[in-house]
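Biologist: Before we look at any single contact, could you take me through how helix packing is read in a model of this kind?

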Amino acid sequence: MKYYLICSFLFATCFVSAQSTLLEFADSLLKNKNYFEASVWYERCIYEGTSDKLIKDAVSGKLKCLKASKLYDKALEFAILSSTLNIDETFKTELIYQQILCSYLSAKFENTIALSNQFEEQFTDKKTGLKIKLLKILSYNELNRWNEADSIYTQINIQNSYSGIVEKLYKEVPIFKSEKKAKTLSTFLPGSGIIYAGKPWEGILNIALELGSAGFIVKAFINRYYFSSWLIGGGLATSFYFGGERRSEALVKKYNLKKSITYNEKLKAALVKSFSIEE
Amino acid sequence: MPIAKKSLLIGLCLLLNYCTYSQHQNFNAELNFVNYLYSKQMNKEAIYVLEKIDTTKLSITQKDSLNHYLGSILFDIKELNTSSNYLLKVTKESTWYYQSMFFAGYNYSYLQKTDSAIKTLESIKLNDSDSINNELQTFELASTALLKRNYKKYEALKPKLKYNCYAIKSPELKMDGFYNKLSAHKFKSPAIAGILSALVPGAGKFYAGKRKQALGSFLPIATLGVLTTESYIRGGVKSVGFISLASLFSLFYVSNVWGSVVSVKIANEDHNRYYNNEILFNMQLPIRNLFR
């Protein structure tokens, strides 16, 4: 009886150690930055996994591979699918955090906010809770919803060397120019919309071209070039007029985007430092 | 327990240990894992696993399965050339033989390698009693002939089609329809388009079937013509206005003639491409219906 028990024990440990060898091999591939190969071996561990720990380690490993390869959409999809596996609640909570993180990294900011709102109560651990809040604030910033981001930051009540910088930045939200105003200005005074958009020399050039076209119409008409005055002069004047309107709108859009990106970069840097000190 | 029995039991455990580890090298286990990856649409991962298998230790049946799997998955991700290379390695004795050969032939047709497609399809060894595969082979050869626009070969193969197999009948009837339309179609001539555009700007594009483009060609040339005439009347031949407008008019005029010639060529190519896509789609249908 004793020997039968020994044999069964040996068989079981050999079988388990074979599974662990798979995981170790996958880990070594990950360490050597062979992300695709490592993800295949982690998937193998999930497919053959006999223990919860093995599956959890494999899922975590594969997520690392996908994030390292910057395949954030695939990582998000994988995290969602993995949460349906038969695993413990603690790991499911960790997967939810990964979903929120991958959602942010793949620029799905609305989704990040929705997931954070839905699941933030589940995160009892302070560190993870802070990370979720940070991702939510950063997502609001990217969507230019700074008031909402500010109110969440104020609620957390972080007091460190960077919190002052963050509060100051939230008080200095950028003022954007209006595309509608630029178009209206260009309608009544060609070139003025472009000057309003922040390109004075381009605006002056537009005015000069409009005046030139108008001058050509008059001169050609006086010299009895009737078709040329209306077709060439009129055509040029119309092109510069409507082109100027569209250009002013495009310039304002570009100006606003640049301002938003610069502001968000400063805010992101300050927020990340503020939260990392707090953790 | 006697020492011999103890030794036997311990030996069995060690052997089981080896078998347990070597299960990962087991071919069927690899295929099961590949099926799992394929079901999750992880095709590149499935190909990676298949390519890692050591083929030196496989039997012929296993190699056939491996080549078939690789060919099929590569077909799904549209790497048709590599897919054909694997599919053609499947041996005649394999149960995957017919499927692999027909798919390989289709791949070559899709890649416009019609001669290789015909060679592959003709090389399929069939029994006379295998009516379905014979019908499919004839159909695929006839369709490939139609792709090449070899109407005589299509007419020679058409009487051999029986139109009695459920999976092939509808594509056969459609192929006959394509043959009727293609053989009756008269392609437009680029030379005629050029001459028409030279006489009336835009007329060549109208002939090519591009009505709006014809108007788009005519209007600027007509406008430039009017402006050039006015410049000539007011300023004479040597005036700056006349010279610049006449140059612009000539440029647009020559572009219009060239554009009409190109339009007709594009219209002819579009017509061919439309029918080629329809032929290829109908070639694939019976193969999928019969084998997948």
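Modeller: What follows goes from confidence to helix pairs and then to a salt bridge. This is a predicted model, in which local features need pLDDT of at least 70 and side-chain atom pairs count only at pLDDT 80 or more, while totals for chains, interfaces and linings use all residues. Residues are numbered from 1 along each chain as its sequence is written, chains are lettered from A and ligands numbered from 1 in the order in which they are written, and side-chain values use heavy atoms, with hydrogens and water left out.

Biologist: What average pLDDT does chain B have?

Modeller: Where pLDDT is low, the predicted coordinates should not be read in detail. The term is the predictor's confidence in each residue, from 0 to 100; chain B averages 91, with 93% of its residues at 70 or above. For the complex, the predictor gives an ipTM of 0.77 and a pTM of 0.79.

Biologist: At what angle do helix 6 and helix 14 of chain B cross?

Modeller: Two packed helices are described by the angle between their axes and the distance between the axes. Helices are DSSP runs (H or I, at least four residues) numbered from the N terminus, and axes are lines fitted to C-alpha atoms over the stretch in contact, with angles from 0 to 180 degrees between N-to-C directions. Helix 6 (residues 97-110) and helix 14 (residues 240-291) of chain B cross at roughly 165°, their axes coming within 11 Å. These two helices of chain B are therefore roughly antiparallel (over 145 degrees). Among the residues in contact (heavy atoms within 4.5 Å) are B:Phe102 and B:Tyr106 of helix 6 and B:Leu280 and B:Ile287 of helix 14.

Biologist: Which residues make the contact between helix 2 of chain A and helix 3 of chain B?

Modeller: Helix 2 of chain A and helix 3 (residues 43-52) of chain B pack at about 90°, with axes 10 Å apart, and are therefore roughly perpendicular (65 to 115 degrees). A:Phe36, A:Glu37, A:Val40 and A:Trp41 of helix 2 of chain A meet B:Lys44, B:Glu45, B:Tyr48 and B:Val49 of helix 3 of chain B.

Biologist: How many salt bridges are found over all chains?

Modeller: A salt bridge is a side-chain nitrogen of Lys or Arg within 4 Å of a carboxyl oxygen of Asp or Glu, and the search finds 17 over all chains. One of them joins A:Lys62 and A:Glu43 at 2.6 Å, N to O. A:Lys62 lies in helix 3 (residues 52-68) of chain A and A:Glu43 in helix 2 (residues 35-48) of chain A, so the pair ties together parts 19 residues apart in sequence.

Technical notes: Parallel < 35°, antiparallel > 145°, perpendicular 65-115°, else oblique.
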